[in-house]
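Me: I've got a model open here and a handful of things I'd like to talk through. Mind taking a look with me?

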Amino acid sequence: MNAFLDIKDEVLKAIEGNKAVVALESTIISHGMPYPQNVEMAKNCEAIIREQGAVPATIAIMDGKIKIGLNDEDLQTLATAKDVVKVSRRDLAQVLSEKKIGATTVATTMICAKLAGIKFFVTGGIGGIHRGYEQTLDVSADLEELAQTDVNVICAGAKSILDLPRTLEYLETKGVCVVGYKTDYLPQFFTAESEYKLNTRMDCVEDISALIHTKEKLGLQGGILITNPIPKEDSMDKAYIDSLILQALKEADEKGIKGKAVTPFLLAEIVKNSHGESLKANIALVYNNAKLGAKLAVEYFK
């Protein structure tokens, strides 16, 4: 095991026993949701994964170690501390060497899960190509990680604040297999609706598991992205959420918000302007992904 890894006993036993383990990111706790909903969401996600027969492993950087599996005190620290660094690939070595508290993004959670031998990772939505790419060239490191790191990611699509057609095109260029779970179209995070057609649809975890096994036997590099639409009863009206996104983007531009601060700012603005409705949707889609991710991991290890 890598010298920087600090793996919780429960998680280590599951990995060594070839049992189903599901990784969870920590940026959603520190930067994605307000307190105390972030702690409640994190604990409920872990409970959902356990209910399906898998072991949850929330990942964060603490005390110069990559912690694979957090206790209640760790979660509380991540949820309330003011100095938590949002850690992407470029930041990982620095945050470890300086022994700072770091919350892992999709990209970094994939890196850390791979180091620990975890094959499945549940998140809300991946990052992607930001709107206005022509001026900023702002592309999330998540996309490159999906192209090179062998961890399978279950999400509700890319965050709808992004340029979704370009995000899909980038993933295709990089050879990332994007699977629509019970859908022909890319889910749009807050909404199940979308006009962006996917190449692959699968309606059961047995088929997705077989796909992952086949990809591994072929030695193909990178992860598989499994997109899972938000349940219809929790889905927001597409026109309404689109208007909130445009409003938040305008606000970010006027305030000069840039880089890795953009996504947390936009999500917080949308929560505020939707009077909390987007937060409810965000939590619902994360729970839905946790359930699917755990079922898929259990099926894979049968």
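Me: First up, is cysteine 177 buried, partly exposed or exposed?
Reply: Keep in mind that this is a predicted model. Buried means under 20% relative accessible area and exposed means over 50%. Cysteine 177 comes out at 26% relative accessibility, so the label is partly exposed.

Me: And how far is the nearest cysteine sulfur from cysteine 112?
Reply: The structure holds zero disulfides, and cysteine 112 is buried, with a relative accessible area of 0%. A disulfide needs two cysteine sulfur atoms within 2.5 Å. The closest cysteine sulfur to that of cysteine 112 belongs to cysteine 45, too far for a bond at 18 Å.

Me: What about cysteine 177, which cysteine has the nearest sulfur there?
Reply: Cysteine 177 is in no disulfide either. The gap to the nearest cysteine sulfur is 12 Å, and the cut-off is 2.5 Å. That nearest sulfur sits in cysteine 155.

Me: Which residue of strand S11 is the bridge partner of valine 153?
Reply: Strand S8 (residues 152-155) and S11 pair in the parallel sense, over three bridges. S9 (residues 177-181) also runs parallel to S11, joined by four bridges, and valine 178 has leucine 225 as its bridge partner in S11. For valine 153, the partner in S11 is again leucine 225.

Me: Which residue of S11 points the same way as Leu225?
Reply: In a regular strand the side chains alternate between the two faces of the sheet. Here Ile224 and Ile226 point one way from S11, and all four residues, 224-227, are buried. Pointing the other way, alongside Leu225, is Thr227.

Me: Which helix gives the most to the largest nonpolar core?
Reply: In soluble globular proteins, nonpolar side chains tend to be buried together. This core has 103 residues, and among those touching the most other members are Val11, Met41 and Leu225. The biggest contribution, eleven residues, comes from H13.

Me: How many of the 24 residues of H13 are buried?
Reply: H13 spans residues 277-300 and reaches 35 Å from its first C-alpha to its last, close to the 34 Å expected. The helix is largely enclosed by the rest of the structure, because its buried residues number 17.

Me: Last one: is serine 88 buried or exposed?
Reply: Serine 88 is in the loop between strand S5 (85-87) and helix H5 (89-97). Beyond its sequence neighbours, serine 88 is in contact with Thr105, Ala107, Thr108 and Ala141. The relative accessibility of serine 88 is 15%, so the verdict is buried.

Conventions. Residues numbered from 1 in each chain as written. Predicted model: local features only at pLDDT ≥ 70, side-chain atom pairs only at ≥ 80, totals over all residues. Heavy atoms only, no water. Helix = DSSP H or I, 4+ residues; strand = E, 2+ residues; numbered from the N terminus. Buried < 20%, exposed > 50% of the residue type's maximum accessible area, 1.4 Å probe, protein only. Contact = heavy atoms within 4.5 Å. Expected span 1.5 Å × (residues − 1). Core = buried A, V, L, I, M, F, W, Y, C linked by side-chain atoms within 4.5 Å. Pairing = 2+ DSSP bridges. Lists of a residue's contacts leave out its neighbours within four places in sequence.
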